[in-house]
Amino acid sequence: MGTGWQVRVGGVEDLDLVGPLWVAVHHRHCESMPELAPYVDDAETWRARRKLYEELLAKPDTLLLLAFVDDEPAGYGLTHVMRVADSWIEDTWRTGDRIGEIESLSVLPDYRGTGLGSELLDRLETHLHDLGVEDLILGALAGNADAIRLYERRGYQPTWLYLSKFAGRERNKR
């Protein structure tokens with residue numbers, strides 16, 4: 001269903017292209033739930049996220065996909081595989097020995113609603129299924145209703161909810 005985008009596999013050498021796409025996700029988080037402030041700045045969010053991506057890309061079953069429109073980055077998706085025994089899943093749900101996590105999915109605002117997010121998700125899920133991984137998880141910020149709708153249409157169901165009580169939030173109210 002592509003509308004002018006191209007998708008290719010990326011690697012650690014492409015993380016400079018991913019940075020602005022992750023920052024767009026971070027901005028979506030800030031906009032969708034301002035009551036959860038204070039948020040870290042763009043440089044800090046990307047420093048921490050880049051470190052995570054470098055670690056994940058060192059694992060053999062990780063896949064980074066980059067989407068481009070007219071040679072400009074427009075979105076990305078990253079998935080990896082982990083042992084269920086190393087997760088929060090084993091003590092509650094019956095699954096296979098390995099679980100696939102859609103770690104990140106980002107589409108720049110100009111391309112949301114075009115099917116690009118679904119295309120990236122299709123390809124990430126196909127990669128996991130090709131590895132024999134049938135059990136999948138992903139996370140979404142509670143206030144990101146558009147992303148949650150996409151995931152629920154795809155069969156994902158709310159599974160785990162984190163609540164937070166951060167001291168910095170209390171200081172902002174004073």
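Two strands count as paired here if DSSP finds at least two bridges between them. In this predicted model, strand E3 (residues 72-83) and strand E4 (residues 98-107) clear that bar with nine bridges, running in the antiparallel sense. One of the contacts along this ladder puts glycine 75 opposite valine 107 of E4, its bridge partner.

Zooming out, E3 and E4 belong to an open, five-stranded sheet with mixed pairing, ordered E1-E2-E3-E4-E5. Strand E1 (5-10) and strand E5 (136-138) sit at the edges, each pairing on one side only. On average, neighbouring strands are turned by 25 degrees against each other, direction ignored. Helix H1 (residues 15-32) packs on this sheet and touches E1, strand E2 (63-69), E3 and E4, with its direction at about 85 degrees to that of E3.

Helix H3 (residues 116-130) also lies across the sheet, covering E1, E2, E3, E4 and E5, and runs at about 160 degrees to E4. Its 15 residues span 21 Å from first C-alpha to last, close to the 21 Å expected at 1.5 Å a residue. The buried residues of H3 include Leu116, Leu120, Leu121, Leu124 and Leu128, along with Glu119, Glu125 and His127. As a group, the buried residues of H3 pack against E1, E2, E3, E4, E5 and helix H4 (145-153). Just past the end of H3, glycine 132 takes a positive phi of about 85 degrees.

Back in strand E1, glycine 10 is worth a quick look. Its relative accessible area is 14%, so glycine 10 falls under the 20% cut-off and counts as buried. Leaving aside residues up to four places away in sequence, glycine 10 touches Leu64 and Leu66. Its C-alpha is separated by 15 Å from that of glutamate 103, 93 residues apart along the chain.

As for the aromatics, the structure holds six aromatic pairs. In one of them, tryptophan 93 and tryptophan 160 have ring centres 6.3 Å apart; their planes are at 70 degrees, so the pair is edge-to-face. Tryptophan 93 sits in the loop between E3 and E4, and tryptophan 160 in the loop between H4 and helix H5 (167-173), so the pair ties together parts 67 residues apart in sequence. Neither ring's residue is buried: tryptophan 93 is partly exposed at 33% relative accessibility, and tryptophan 160 is partly exposed at 45%. Elsewhere, Trp46, Tyr53 and Tyr76 form one aromatic cluster. Finally, arginine 49 lies over the face of tryptophan 22, at 3.9 Å from the ring centre.

How values were computed:
Residues numbered from 1 in each chain as written. Predicted model: local features only at pLDDT ≥ 70, side-chain atom pairs only at ≥ 80, totals over all residues. Heavy atoms only, no water. Helix = DSSP H or I, 4+ residues; strand = E, 2+ residues; numbered from the N terminus. Axes fitted to C-alpha atoms, helices over the stretch in contact; angles between N-to-C directions. Contact = heavy atoms within 4.5 Å. Expected span 1.5 Å × (residues − 1). Buried < 20%, exposed > 50% of the residue type's maximum accessible area, 1.4 Å probe, protein only. Phe/Tyr/Trp six-rings, centres within 6.5 Å; stacked < 30°, edge-to-face > 60°. Lys NZ or Arg CZ within 6 Å of the ring centre and 35° of its normal.
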